[in-house]
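Please open the model in your viewer and keep the selection tool at hand, since the tour goes from one aromatic ring to the next.

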Amino acid sequence: MRGVMMYGPGDVRVEHRPDPAIEQPTDAIIRLSATCVCGSDLWPYRGHDQLDGPAPMGHEYVGVVEEIGSEVRTVRPGDFVIGSFFASDNTCEICQAGYQSRCVHAELMGAIGTQSELARVPLADGTLVATGGMPDADLVPSFLAASDVLGTGWFAAVAAAAGPGKTVAVVGDGAVGLLGVLAAKQLGAERVIAMSRHEPRQQLALEYGATDIVTERGDAGVARIKELTNGYGAHSVVEAVGTQEAMMQAIRATRPGGHVGYVGVAHEVALPGDELFFSGVHLHGGPAPVRQYLPTLIDLISRRVIDPGKVFDLTLPLADAAKAYEAMDQRQAIKALLQP
């Protein structure tokens, strides 16, 4: 099969890789219908994360089951399925509490690499969810979004306690931030403030339910949020970047007693203890337990209540993966979908 390998910063290649095979009786093999480049893939692409030799890439996926192990019971060959970027058994105490991304048997799909034609999915019964029939082609991008960025944005909004009567601010205008806007709106937020400097992303944020756009960053952005909230700050803030500036902006824009939902993969973030202590805010986040939300998200997408697939503003064949990475790195695309 063909699959994407990263050799180093800026060095993305599509190569022939061995076809995956069943390794454990709980595995499934899927043929990818669509995959994509994630914002987190840009960290090694930009040299911020070090690679230990050539690495398979990709952790977002939808496709059709081709083969299952002898112990797989909930999906079968021919099913169209979606899975999280973490494989999980969905039965351990951590999973049952709703934190499948921290399952005691969790396996990171990024180590397997789903920017490919085929992929092995461990713990298939706990990881994969079938949509119930082959979806219409125009729904495939939205189902793909559910594999990570929609589920992550949804978790961020939940962690930030978004809901009726709340003002929600979203730090970050990538795919996760934009879908955090969508999630906050779906969860009933009264006001959703998108922090963005990029007009196409602002327009999509407004389409997804944003009521206000803030273009300022850092302390200026915090001041603007305070101005829009009578000096109090937002009830709920989504942090979808993972940098020091973004995290401090999120904490400082939250009113005392409010909630920050952080899902940006943290890079060199250090929280000053005294400021955190006196902020009086709740912090909750980490790798999103996407599996928890998949049934709800599949239902909303199937009924066309939401259209998260609009975050894919560039579609390329798998063979052009290097162009997809470059476009996202240069902010010429919000998110690039790859067609195997």
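The stops below cover aromatic pairs, their burial, and charges over rings.

This is a predicted model, in which local features need pLDDT of at least 70 and side-chain atom pairs count only at pLDDT 80 or more, whereas totals for chains, interfaces and linings use all residues. Residues are numbered from 1 along each chain as its sequence is written, and side-chain values use heavy atoms, with hydrogens and water left out.

The structure holds 5 aromatic pairs (rings of Phe, Tyr and Trp, the last by its six-membered ring, with centres within 6.5 Å; planes under 30 degrees apart are stacked, over 60 edge-to-face, the rest tilted). Select phenylalanine 80 and phenylalanine 143, a tilted pair with 6.3 Å from centre to centre and 55° between the planes. Because phenylalanine 80 belongs to strand 6 (residues 80–83) and phenylalanine 143 to helix 4 (residues 140–146), the pair ties together parts 63 residues apart in sequence (helices, H or I, of at least four residues and strands, E, of at least two are DSSP runs numbered from the N terminus). Phenylalanine 80 is buried at 2% relative accessibility, and phenylalanine 143 is buried at 1% (buried means under 20% relative accessible area, with a 1.4 Å probe and protein chains only).

Next, select phenylalanine 85 and phenylalanine 86, whose ring centres lie 5.6 Å apart with planes at 50°, so this pair is tilted. Phenylalanine 85 is buried at 9%, and phenylalanine 86 is buried at 14%.

Keep phenylalanine 86 selected and add arginine 102, which lies over the face of that ring at 5.7 Å from its centre (NZ of Lys or CZ of Arg within 6 Å of the ring centre and within 35 degrees of the ring normal). Finally, select tyrosine 7, where arginine 13 lies over the ring face at 3.6 Å from the centre.

Note on methods
Buried < 20%, exposed > 50% of the residue type's maximum accessible area, 1.4 Å probe, protein only.
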